[in-house]
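I opened the notebook and wanted to look things up one at a time. Here is what I checked, in the order I checked it.

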Amino acid sequence: RSYFRMETIKQKVQKLRQEADHNADRADAAEGRVKEQEQAMNAQEAEMEQLKRQIQLLEGDLDKAEGQTDLRRTADERASSAESQVAQLETRVRMLEQELDRVEGDLGEQVKSLQEELRRVEQECEEAKRRGDRLDKDNETLERNLQAALEDNIATKQQLDETLRELNEM
């Protein structure tokens, strides 16, 4: 009977350890998702900076084109092209800024959610570890009690055998 209790306790300890491992894997996956979102945000910020630099260069070209009167027609064409490109790039920058704001908001919410999930999983892991430790201690106590009971049983059997022998000799 105590053997089955010990087996049940061992199975519970194993289950708790598996739960702790599973929760640790979930926490690792959540951290991976946070890193992916951060990388995507960094890539969009880099693209936005590149587009801003292009706008600055094109605005510089536009300024030069407007200042050159002897190449007015060429300058007008370049200016028109640069204005068009600047307008397109400014539109693209606005779109990227809006997208970045949205992504930052989403990422912030995801990070908060993932952090809360990570804290919850870590707490579950800690609780599972504490339960496992308690079960290990209970198991050790039961094993000591079983050993003591076995030793008492052997001593009692020896006393009974001795008493039977004495009774038979009478």
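**Entry 1: aspartate 28 and the charged patch**

I looked up aspartate 28 and found it in helix H1. I note here that the model is a predicted one.

Next I asked which residues gather with aspartate 28 in a patch of negative charge. The patch is on the surface, and its members are Asp21, Asp25, Asp28, Glu31, Glu122 and Glu126. I then checked which elements give two or more residues to this negative patch, and these are helix H1, residues 2-67, and H2. H1 gives the most, with four residues.

**Entry 2: aspartate 76**

I moved to aspartate 76, which is found in helix H2, residues 72-169. Is aspartate 76 buried, partly exposed or exposed? Its relative accessibility is 38%, so I wrote down partly exposed. The cut-offs explain this label, because buried means under 20% and exposed means over 50%.

I also took a distance from aspartate 76 to glutamate 126. The two are 50 residues apart along the chain, and their C-alpha atoms are separated by 71 Å.

**Entry 3: a salt bridge between helices**

Side chains of opposite charge can pair when their charged atoms come close. I went looking for such pairs. How many salt bridges does the count give? The count comes to 11 salt bridges.

I picked out glutamate 47 and arginine 92, whose side chains meet in a salt bridge at 3.0 Å, N to O. This pair links distant parts of the chain. Glutamate 47 is in helix H1 and arginine 92 is in helix H2, 45 residues apart.

I checked how open each partner is. Glutamate 47 has 33% relative accessibility, so it counts as partly exposed. Arginine 92 is also listed at 33%, and therefore counts as partly exposed.

**Entry 4: salt bridges inside H2**

I turned to glutamate 99. It forms a salt bridge with arginine 102, and the closest N and O atoms are 2.5 Å apart. Where do these two residues lie? Both are in helix H2, three residues apart, which is about one turn of the helix.

Glutamate 99 is at 28% relative accessibility, so I marked it partly exposed. Arginine 102 has a relative accessible area of 43%, so I marked it partly exposed. I then found that Glu99, Arg102 and Asp106 are linked in a network of salt bridges.

Further along I looked at glutamate 124. Its salt bridge is with arginine 120, with the closest N and O atoms 2.4 Å apart. Both residues lie in helix H2, four residues apart, again about one turn of the helix. Glutamate 124 is at 27% relative accessibility, so partly exposed is the right label. Arginine 120 is partly exposed because its relative accessible area is 36%.

**Entry 5: the nonpolar core**

In soluble globular proteins, nonpolar side chains tend to be buried together. I looked up the largest nonpolar core here, and it has 15 residues. Which residues have the most contacts inside it? They are Leu51, Leu89 and Val93. The elements giving two or more residues to this core are H1 and H2. H2 gives the most, with eight residues.

**Entry 6: a nonpolar patch on the surface**

I then looked for nonpolar side chains on the surface. Leu164, Leu167 and Met170 make a nonpolar surface patch of about 380 Å². I placed methionine 170 in the segment after H2. Methionine 170 has 79% relative accessibility, so it counts as exposed.

**Entry 7: lysine 35 and glycine 132**

I finished with two single residues. Lysine 35 has its place in helix H1. Its relative accessibility is 53%, so it counts as exposed. The cut-off matters for this one, because exposed means over 50%. From lysine 35 I went to arginine 78, which is 43 residues away along the chain. Their C-alpha atoms are separated by 43 Å.

Glycine 132 is in helix H2. Is glycine 132 buried or exposed? Glycine 132 has a relative accessible area of 8%, so it is buried. I took one last distance, from glycine 132 to arginine 73. They are 59 residues apart in sequence and 83 Å apart in space, C-alpha to C-alpha.

Notes
Residues numbered from 1 in each chain as written. Predicted model: local features only at pLDDT ≥ 70, side-chain atom pairs only at ≥ 80, totals over all residues. Heavy atoms only, no water. Buried < 20%, exposed > 50% of the residue type's maximum accessible area, 1.4 Å probe, protein only. Patch = residues over 30% accessible without salt bridge, like charges linked within 9 Å, V, L, I, M, F, W, Y side chains within 5 Å. Areas by Shrake-Rupley, 256 points an atom, 1.4 Å probe, with all protein chains shown as cover. Salt bridge = Lys/Arg side-chain N within 4 Å of Asp/Glu carboxyl O. Lys, Arg positive; Asp, Glu negative; His and termini not counted. Charge placed at Lys NZ, Arg CZ, Asp CG, Glu CD. Core = buried A, V, L, I, M, F, W, Y, C linked by side-chain atoms within 4.5 Å.
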